[in-house]
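Me: Please take me through the model shown below, one question at a time, with the cut-offs spelled out as they arise.

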Amino acid sequence: MRPRHLRRRGALAAAATTLAVLCAGQTLAAPRAAAAPVSTADQEVRTSTASEVHATQDTAARAIAAALTDPAWRQRVRQAALTSDEVAVTALADGDLRTTLAAADRRIAAAKGLAPDVGPLLRLRLGDPSMRGALTAGTQPWVAAATSDDGPVTAYDSRGRTHTLDAREAPARPVYVVDIDGSRALAAGLDVLHEELALRGVRSADPAPERARASAAAAGFWTTRVTAVSLSDDQEPWIKGDAEIYTLVTGFGHDGKVRVDPVDMPYLDNDGTVYRPQQILVNWSSYKYDLADAVMMEEDGSTNYRDLAKAIAAVLLTVTDQGAYVPLVNAVLDAIPDDWWTDDPDYVDSWYTLARTDNGTRHGARGNGWMTLEPYFVQEL
């Protein structure tokens, strides 16, 4: 499940309407942050990132398809695809194919701004459950890269021929989809985001759970916990897999400067499903005011986390503490240039002015999701 794309202007219009309701009676005296100008060099970097990731996935798909002429490899992949939702295809391969796929893993990591030791990122899966019967019966599969939400899908057969498929209707023939391990990429990407934001002067809690606990007062600290969360139907194409969702929690630190705390939400895979994670979303001991904002995003394959951190920091550093809380959702959305709204990173929804005392269901400004929140006090051991 991947939330439907939305251009920024539409997102901000919906957000403004919700903000007017939530903040009736409040005066937002501080000026809205202006988005930093996007240089031609930055645009080229982002285009290069997407192009490199997509081209590398496509190259991997063609190599895997060509290798299907080997009966042993064909059987190994078939068995793995039928018994697992995602196959670590680099580890499954051997010989020249493994060398090719390992090089592709490294190119994707570099393009996404991740460390070279992040590990294999390429994954292979069956495009749709409806294909299982044909694959089991021995129908020769094609191979495609999961590189586009909207356009036609290009699949390869073992002889190197291309086949154009409808992105909205799964074909009867089985298709192996070559994608990126979103969980691994997101976990590593949030580490990079944290490090880069801190390097650029924006405070940020480390997203890794074992390092995310802020220093608590003697008795403990207050948090906001997500007891239930759900996202709406999106009708996304079969070529795309599960979503990888994270939320950027923003507010003012005790020093009066804007901070961004990334929160990984790895369980949010499917639309129309209610998840009950009991997950801490906001650690109020890190914030000056008892209000914060949340922007929910989806990791897409061509997200470069160093570029994302740079763009967010450039805008948020222009927002100053005016002695009263200023919502920061618009600033975060403005920080993401228009040309990023095609396939990465996807904007899911946003929540303005989350309060420490919130206890109940809050719907997102975009109307694509809701969360049930409760105050939760973390006791010191």
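Me: How many bridges join S6 to strand S13, residues 369–379?
Reply: This is a predicted model, in which local features need pLDDT of at least 70 and side-chain atom pairs count only at pLDDT 80 or more, while totals for chains, interfaces and linings use all residues. Residues are numbered from 1 along each chain as its sequence is written, and side-chain values use heavy atoms, with hydrogens and water left out. Strands (E, at least two residues) and helices (H or I, at least four) are DSSP runs numbered from the N terminus, and two strands pair if DSSP finds at least two bridges between them. S6 and S13 run antiparallel, and Ala228 stands opposite Thr372 in S13; the number of bridges joining the two strands is 11.

Me: Which residue in S9 is the bridge partner of Thr223?
Reply: S6 is also joined to strand S9 (residues 279–283), in the antiparallel sense, by 4 bridges. Within this pairing, the partner of Thr223 is Asn283.

Me: How many of the 12 residues of strand S6 are buried?
Reply: Buried means under 20% relative accessible area, with exposed over 50% and partly exposed in between, using a 1.4 Å probe and protein chains only. Strand S6 (residues 220–231) is largely enclosed by the rest of the structure, because the number of its residues that are buried is 11.

Me: Is Gln279 buried or exposed?
Reply: Gln279 lies in strand S9, and its side chain makes a polar contact with the side chain of Tyr267 at 2.6 Å. A polar contact here is a pair of N or O atoms within 3.5 Å; within protein, one must be able to donate a hydrogen and the other to accept it, and residues adjacent in sequence count only if both atoms are side-chain atoms. Gln279 also touches residues including Thr224, Arg225 and Val226, where contact means heavy atoms within 4.5 Å. Since its relative accessibility is 17%, Gln279 counts as buried.

Me: Which residues have the most contacts inside the largest nonpolar core?
Reply: A nonpolar core is a set of buried Ala, Val, Leu, Ile, Met, Phe, Trp, Tyr and Cys residues joined through side-chain atoms within 4.5 Å. The largest one has 84 residues, and those with the most contacts inside it are Ile64, Trp73, Leu114 and Tyr176.

Me: How far apart are the end C-alpha atoms of helix H7?
Reply: The expected span of a helix is 1.5 Å times one less than its number of residues. For the 18 residues of H7 (residues 182–199) this gives 26 Å, which agrees with the distance in the model, 25 Å.

Me: Which elements do the buried residues of H7 pack against?
Reply: The buried residues of H7 include Ala185, Ala188, Gly189 and Val192, and these four are among the residues that Leu114 touches. The elements that the buried residues of H7 pack against are strands S5 (175–180), S7 (245–252) and S8 (258–265) and helix H8 (305–316).

Me: Which residue in the turn between S3 and S4 has a positive phi?
Reply: S3 pairs with strand S4 (residues 162–165) in the antiparallel sense over 4 bridges, and Thr154 stands opposite Thr164 in S4. The two strands form a hairpin with 5 residues between them, and the turn residue with a positive phi, of about 85 degrees, is Gly160.

Conventions. Lists of a residue's contacts leave out its neighbours within four places in sequence.
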